[in-house]
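Here are my notes from going through the model you sent over. Have it open beside you while you read.

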Amino acid sequence: MKKIRLAILGTGGMAGAHVERWLNHPNIVIAALCDVSLEIIEKFKVKTKLDSYKPQPEAFTDAATMFTEAKLDAVIIITPHTMHFEHAMLAADAGLHVFMEKPMVTSAEQAHALATRFKDLGKVFIIGYNTPCTPAFEWLRQAIRESKFGKLELVSGYLSQNWMKATAGSWRQKPELSGGGQAYDSGAHLLNSLCWTVESDIAEVFTFLDNHGTPVDINSAINLRFANGVMASVVVSGNCMANGADLHFMFENGRVDIDGWMGTWIKVFDANGPVETPEITGVAGTPNENFVDAILGRAAPRTSIQNGMVQSELMDAIYESARTGQPAKPKKNNVLSAEEQMEQFAKQLKEDDWGHQPC
């Protein structure tokens, strides 16, 4: 059974959830940990039960050193957002598969550079978005592709969290580390759910932002028009005690309401009313499972650098529109289309002996 030697770069809040998913995984060896101090790493090991893990992962306080000295196959990057680009480039230099926590990077320029760097490496690169790994969103995307309910015309959505108070004093409200506020942080999940499903370039964006007296955006009202004509309106609330995240897709002959955060529920309506038993099969997975399966050739990656580029281009346009008070157009530089990435990955599986190992 092939073992993937994995490093965890960044041992903050989300890292514990990732360790829980991989702690006893038959194909994963947690080989190295990296953070700013050995003390932080030791506390993390105790908290996540890695203190009894065999063999013990090596500990590092410098990412470049870890990539040079540890024998690794892959890395998960869970550092503050503005560090993602540097850390991903170091991972590319080391020839590693990359699992990147969202958002991928914090500017379209960085996203385009990252796509160029990874284009010919033949490595899996996924982003930790939840909904692409769910049967509900796969069914919805296919329904849009097949015009199951006619043409998709409009999408509305919202995300609400008590984000402003929950992140007060943390790096998430420091622009030099976060790259932005709630729209770039939790909002990344909802916005990716929208863009991943519609599968079209974004033509134009108009946005209002409210920082609520903080250095970063807390509330956002985002209007966008896709190149295929679909229009969408999304609000992101970072000052709401009632959590939620819904998306509503409106077609000529029907409507689909769906959980935009985790894809745990879906409601389908056709021209005659509610559809009681939509034909949705399969079991929801996690980005972690998809990462392992993609490396071992058991599944195609559900997300890619292309999704990260769309996210960064959109966020640049959101902030430009809010700053200027005018509509903004995302700055495109498609180094590799989604279809080209899938073709490249299929070719990789034929050439890379990861794909020939028994599972």
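The points below go from the sheet and its helices to the backbone oddities, and then to single residues.

1. First, a caveat: this is a predicted model. Please read every angle and distance below as computed from that model.

2. The sheet is a good place to start. Eight strands make up an open sheet with mixed pairing, in the order 8-9-10-7-11-12-13-14. Its edges are strand 8 (202-210) and strand 14 (273-274), each of which pairs on one side only.

3. Now for the strand 8 end. Strand 8 pairs with strand 9 (residues 219-226) in the antiparallel sense, over eight bridges. If you want to check the register, Asp-210 stands opposite Asn-219 in strand 9, and Leu-209 has Ser-220 as its bridge partner.

4. Strand 9 continues on to strand 10 (residues 231-237), and these two are antiparallel as well, joined by six bridges. Here Arg-225 has Met-231 in strand 10 as its bridge partner. The two strands form a hairpin with four residues between them. Gly-229 sits in that turn and has a positive phi of about 100°.

5. Which side chains of strand 9 are buried, and which are not? They alternate along the strand. Ser-220, Ile-222, Leu-224 and Phe-226 point to one face and are buried. Asn-219, Ala-221, Asn-223 and Arg-225 point to the other face and are not buried. So of the two residues in the register check, Ser-220 belongs to the buried set, while Asn-219 does not.

6. Two helices lie across parts of this sheet. Helix 11 (residues 305-324) lies across strand 8 and strand 9, at about 55° to strand 8. Helix 6 (residues 135-145) lies across strand 7 (152-160), strand 11 (244-251), strand 12 (254-259) and strand 13 (266-270). Its direction makes an angle of about 155° with strand 12.

7. Have a look at Leu-314, which is in helix 11. Its relative accessibility is 0%, so it counts as buried. Leaving aside neighbours within four places in sequence, Leu-314 is in contact with Leu-191, Cys-195, Ile-202 and Val-205. If you need a long-range distance for a sanity check, the C-alpha atoms of Leu-314 and Gly-122 are separated by 26 Å, with these positions 192 residues apart along the chain.

8. On to the backbone, where you may want to check your peptide bond settings. The bond from Lys-54 to Pro-55 is cis, with omega near -10°. Pro-55 is in the loop between helix 2 (38-48) and strand 3 (58-60). The bond from Lys-102 to Pro-103 is cis too, with omega near -15°. Pro-103 is found in the loop between strand 5 (97-100) and helix 5 (108-118).

9. Two residues have a positive phi without being glycine. Lys-49 has a phi of about 70° and is in the loop between helix 2 and strand 3. With 57% relative accessibility, Lys-49 counts as exposed. Glu-199 has a phi of about 55° and lies in the loop between helix 9 (187-198) and strand 8. Its relative accessible area is 38%, so Glu-199 is partly exposed.

10. What surrounds His-81? This residue is in the loop between strand 4 (74-77) and helix 4 (84-93). His-81 is buried, with a relative accessible area of 4%. Beyond neighbours within four places in sequence, it is in contact with Lys-102, Pro-103, Thr-106, Trp-171, Arg-172, Leu-177, Ser-178 and Asp-185. Note that Lys-102 and Pro-103 are the pair joined by a cis peptide bond in point 8.

11. Last, the cysteines. How many disulfides does the structure hold? Zero. Take Cys-133: the closest cysteine sulfur is that of Cys-195, and at 17 Å it is too far away for a bond. Cys-133 counts as buried, because its relative accessibility is 13%, under the 20% cut-off. Cys-34 is buried as well, with a relative accessible area of 3%. Cys-195 also turned up in point 7, among the contacts of Leu-314.

Conventions:
Residues numbered from 1 in each chain as written. Predicted model: local features only at pLDDT ≥ 70, side-chain atom pairs only at ≥ 80, totals over all residues. Heavy atoms only, no water. Pairing = 2+ DSSP bridges. Contact = heavy atoms within 4.5 Å. Axes fitted to C-alpha atoms, helices over the stretch in contact; angles between N-to-C directions. Buried < 20%, exposed > 50% of the residue type's maximum accessible area, 1.4 Å probe, protein only. Disulfide = S-S within 2.5 Å.
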